[in-house]
Each structure stands twice: as C-alpha cells, then as structure tokens.
Amino acid sequence: MSDETNTPVLEVSDLHVSVGGKEILKGLNLTVGAGETHAIMGRNGSGKSTLSAAIMGNPRYEITSGTIVYGGQDIAELAVHERARAGVFLSFQYPVALPGVSVVNFLRQAVRAVRGDDVPIKAFRPLVKENLKILDIPQTFMTRYVNDGFSGGEKKRLEMLQMLMLQPTLAILDETDSGLDIDALKVVSTAINGLRSEKRAQLVITHYQRILQYVTPDHVHVLLDGQIVKSGGPDLAHELEKHGYEWLEKDAA
Ligand SMILES: Nc1ncnc2c1ncn2[C@@H]1O[C@H](COP(=O)(O)OP(=O)(O)O)[C@@H](O)[C@H]1O
Ligand SMILES: [Mg+2]
C-alpha cells in the first residue's frame with residue numbers, strides 16, 4: 001500500500017512536450033515532494049513556460065510522451081479547471097483588466113470556482129482580511145476594479161492575494177519576479193513563504209536568482225534546451241549567477 005505522506009506532490013517523468021509540432025521539452029524529470037520549494041532556472045527559450053503550461057494543462061502544449069503525476073494521479077486527461085480544483089495554481093505573467101468587477105467579487109468567484117461551492121461571506125471576510133494584512137494591502141483595494149489602472153506592483157499584489165485565498169497544493173510561479181521593483185518582489189516572496197507548509201509545494205520558475213534572496217528553495221534545477229541538466233541546493237543559484245548559463249552549456253555540449 002502506498003504511504004500517502006510519502007507521495008510526491010508532483011512527479012514529472014521523461015516528459016516530452018511539443019508546441020506547434022516543435023519539440024520543446026525533451027525528456028524532463030522532476031520530483032517535488034510535499035513541503036518543498038523548488039526553483040527552476042533557465043535562460044529565455046529553455047522551456048520554462050512550456051513546463052508550467054504542460055503542468056497546468058494548456059491544450060496548446062502537446063505531451064508526446066512521458067507523464068505528469070500530481071498527488072499520485074496521472075493528470076494528462078484533466079482539463080485546466082479540473083487541475084485548478086485539484087489544487088494546482090499557475091501565476092499569470094500578463095493579467096487582464098476586468099472593469100466593473102471589484103476585487104472582492106473577483107476573489108469570491110475565484111474561490112468558488114476552485115472549491116466548487118460558495119464560501120459564506122462570514123468565513124470569506126476574515127480570510128481576506130488576514131491575507132490583506134500578510135501582504136500589506138490596504139482594505140480600499142477590495143472595492144477597486146480588477147487590474148483596472150493597476151500599477152505593475154498592484155497587479156502582482158492582487159495575484160498573490162488570489163494565490164493566498166486559494167491555498168494551492170502546488171503553486172507554480174512562472175517568472176513572477178520579472179520586472180518587479182523591490183517592494184513587489186517582497187510581496188511575492190512573502191506570499192510564497194506564507195504558503196509553505198508540509199502539505200504544499202511550490203515551483204518558482206525564474207531567469208535570475210534575485211527572488212531566491214527572499215525565497216530559499218530546497219532544490220534548484222537548471223533547465224537547458226528542454227531538459228534539467230543540473231540539480232542542487234540553494235548554492236547552485238549563486239553559482240549560476242557567478243558563472244552564467246554558459247557554464248552549464250559547455251558541460252552539456
Ligand atoms: N506557442 C508557441 N508556439 C511556438 N513556439 C513556442 C510557443 N511557446 C514556446 N515556443 C518556443 O518554445 C521554446 C521555449 O519557450 P518557453 O517555454 O516559453 O521558454 P522560457 O519560458 O524558458 O523562456 C522557445 O524556443 C519558444 O520560441
Ligand atoms: Mg517563460
């Protein structure tokens with residue numbers, strides 16, 4: 001019998017993914033255990049977003065072979081919303097504005113969509129309040145329209161607020177740190193660190209190691225041309241910063 005506490009949150013095995021007929025991921029292996037935070041690093045075009053899209057179930061990304069097992073279940077056949085309901089969250093790089101939809105209503109809808117039922121307003125309010133406090137967001141934020149005239153930092157705050165409200169089992173942050181000022185970067189880090197628990201896992205995907213000064217990953221992996229070519233501890237991120245990605249390209253060649 002399988003011991004549930006030892007089941008990894010995510011197990012990607014020999015994953016091959018094509019987009020528009022072109023193979024992008026070429027046999028990727030990754031195991032993320034419960035309670036762990038992993039960083040995936042790689043330069044532009046290495047396949048980072050392809051990996052997150054494949055885990056989330058974006059239908060444009062075709063899995064040609066290999067498996068994605070989440071919580072012990074092969075999720076190949078699950079649609080995006082089913083994966084979200086199962087506890088997978090992917091941060092969006094390009095959030096859309098929803099004029100006329102207030103932040104508070106948006107969050108209620110999001111929580112309802114993921115949980116499959118309504119959260120009573122009595123339970124919802126204190127949860128929002130607690131998360132606003134964690135992220136240092138003023139209450140007035142709640143009545144504004146979603147991303148309408150939001151600064152980059154405010155968009156990021158909303159997204160992190162949404163993540164904290166949903167409490168995903170697997171949170172994937174795909175270059176969430178790119179282009180953020182230090183305050184927004186701290187909000188993102190606070191949210192990621194606040195999610196950490198023995199049952200959850202996070203995948204922090206990034207080009208630069210900047211965010212890893214605030215979020216200490218348990219494992220760091222380097223993605224190069226569709227494969228993980230090196231894995232290590234937090235020090236690997238610092239080494240990469242020092243030597244650049246060329247350091248590993250020479251190894252792989
Ligand atoms: N929708 C797409 N159609 C065609 N090619 C794509 C598409 N998405 C990604 N690619 C290609 O796949 C490769 C990896 O892209 P991506 O996963 O976005 O890398 P990263 O996120 O590491 O920058 C790139 O060469 C990119 O041009
Ligand atoms: Mg990308």
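**Exercise 1. Identify which element gives the largest share of the shell around ligand 1, and describe the residues of that shell.**

Solution. In this predicted model, where local features need pLDDT of at least 70, side-chain atom pairs count only at pLDDT 80 or more, and totals for chains, interfaces and linings use all residues, the largest share of the shell, three residues, comes from H1. Residues are numbered from 1 along each chain as its sequence is written, while chains are lettered from A and ligands numbered from 1 in the order in which they are written.

Taking the shell as a whole, 13 residues surround ligand 1 (a residue is near a molecule if its C-beta atom, placed from the backbone, lies within 6 Å of it), and the closest are Val19, Gly45, Lys48, Ser49 and Thr50. Two or more residues are given by strand S2 (22–32) and by helix H1 (48–56), the elements being DSSP runs numbered from the N terminus, with at least four residues of H or I for helices and at least two of E for strands. By class, the shell holds two nonpolar, eight polar and three charged residues, where Ala, Val, Leu, Ile, Met, Phe, Trp, Tyr, Cys and Pro count as nonpolar, Asp, Glu, Lys and Arg as charged, and the others, Gly among them, as polar.

**Exercise 2. Determine the strand order of the open sheet of four strands, and place H1 on that sheet.**

Solution. The order is S2-S1-S4-S5 with antiparallel pairing, two strands being paired if DSSP finds at least two bridges between them. S2 and strand S5 (73–74) are the edge strands, each pairing on one side only. Strand S1 (residues 10–19) and strand S4 (residues 61–70) are joined by eight bridges in the antiparallel sense, and Val12 has Ile68 in S4 as its bridge partner. H1 packs on this sheet, touching S1, S2 and S4 (contact requires C-beta atoms, placed from the backbone, within 7 Å), and its direction makes about 65° with that of S4, the angle running from 0 to 180 degrees between N-to-C directions of axes that are lines fitted to C-alpha atoms, for helices over the stretch in contact.

**Exercise 3. Describe the open sheet of six strands and its relation to H1.**

Solution. Here the order is S6-S9-S10-S3-S11-S12, with mixed pairing, and the edge strands are strand S6 (88–90) and strand S12 (227–232). Strand S9 (residues 170–174) and strand S10 (residues 201–206) pair in the parallel sense over five bridges, with Leu170 opposite Ala201 in S10. H1 lies across strand S3 (37–41), S6, S9, S10 and strand S11 (219–224), and runs at about 150° to S9.

Key
Two residues are in contact if their C-beta atoms, placed from the backbone, lie within 7 Å.
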